[in-house]
Amino acid sequence: MYTLAYENAVNHAMLYEVGGHWKLTPEVEAGLIETREQRRAVGYVNDPDDAGGETKYGVARNANPDLDITNLVWEDAKAVYYKRYWLAGSCDKLPSRVAVLHFDGCVNHGIARANKFLQRSVGADDDGVIGNITLGLIQDALEIDLCHNICDQREKFYNEIVANKPSQRKYLGGWMRRISEMREFTTDLNNTFE
């Protein structure tokens, strides 16, 4: 059902949404959160300072109020990511390298904002909707340059968050590391995404 580009995107996103210890085990697939180790393995957090609220596998309650985050299992989380971020973000219409990076942006910033980053990166009007004009400009762009431009947009956004809300500074290092690693991952010509 899922493409290789999507599998690469969702597994790579889990390194940031859950943590560098991400490894798909039977306990992780079942979504167990009874012990501290199990909570860590699925990225289960409920930090009052995090605007996303209760989160598991990177799926935040505030962005997905219709979901039972506490009892979410991996296959359901993966389907959520596919439908609500990969397809809704038009990742299936993008060159695979750009799709992986854009998917990460959709997950991290929301689809409309990630779409605007993508549109600004190719000089399109940033209305937040990926249409034929934006897709045409994307097809004409060099993938590596486009990935760099998207990362630049995201870094600027993170810095603006901290400037406007200093309490978020504690997250800035992690956000910037995520962008740096995504930039490296998606611009490395040795990596394949199809």
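I started with the largest pocket, which has a volume of about 1200 Å³. A pocket here is an open set of points on a 1 Å grid over the protein atoms alone, where a 1.4 Å probe fits, with protein on both sides within 12 Å along at least five of seven lines. Its volume is the space filled by probe spheres set on the points.

A note on the source: this is a predicted model, with local features needing pLDDT of at least 70 and side-chain atom pairs counting only at pLDDT 80 or more, while totals for chains, interfaces and linings use all residues. Residues are numbered from 1 along each chain as its sequence is written, and side-chain values use heavy atoms, without hydrogens or water.

Next I checked the pocket lining (residues with an atom within 4 Å of a point). Of its 40 residues, Glu17, Asp50, Asn108, Trp175 and Arg178 are the closest to the centre. Helix 9 gives the largest share, 7 residues.

So I turned to helix 9, residues 169-187 (helices are DSSP runs of H or I, at least four residues, numbered from the N terminus). Among its buried residues (under 20% relative accessible area, 1.4 Å probe, protein chains only) I found Leu172, Trp175, Arg178 and Ile179. Down the axis of helix 9, the buried residues fall within an arc of 165 degrees (taken from directions from the axis to the C-beta atoms), so they line one face. Their cover includes helix 1, helix 5 and helix 8.

Last, I looked up tryptophan 86. Beyond its neighbours within four places in sequence, its contacts (heavy atoms within 4.5 Å) include Tyr6, Tyr81 and Phe103.

Technical notes:
Buried means under 20% relative accessible area, exposed over 50%, partly exposed in between (1.4 Å probe, protein chains only). Helices (H or I, at least four residues) and strands (E, at least two) are DSSP runs, numbered from the N terminus.
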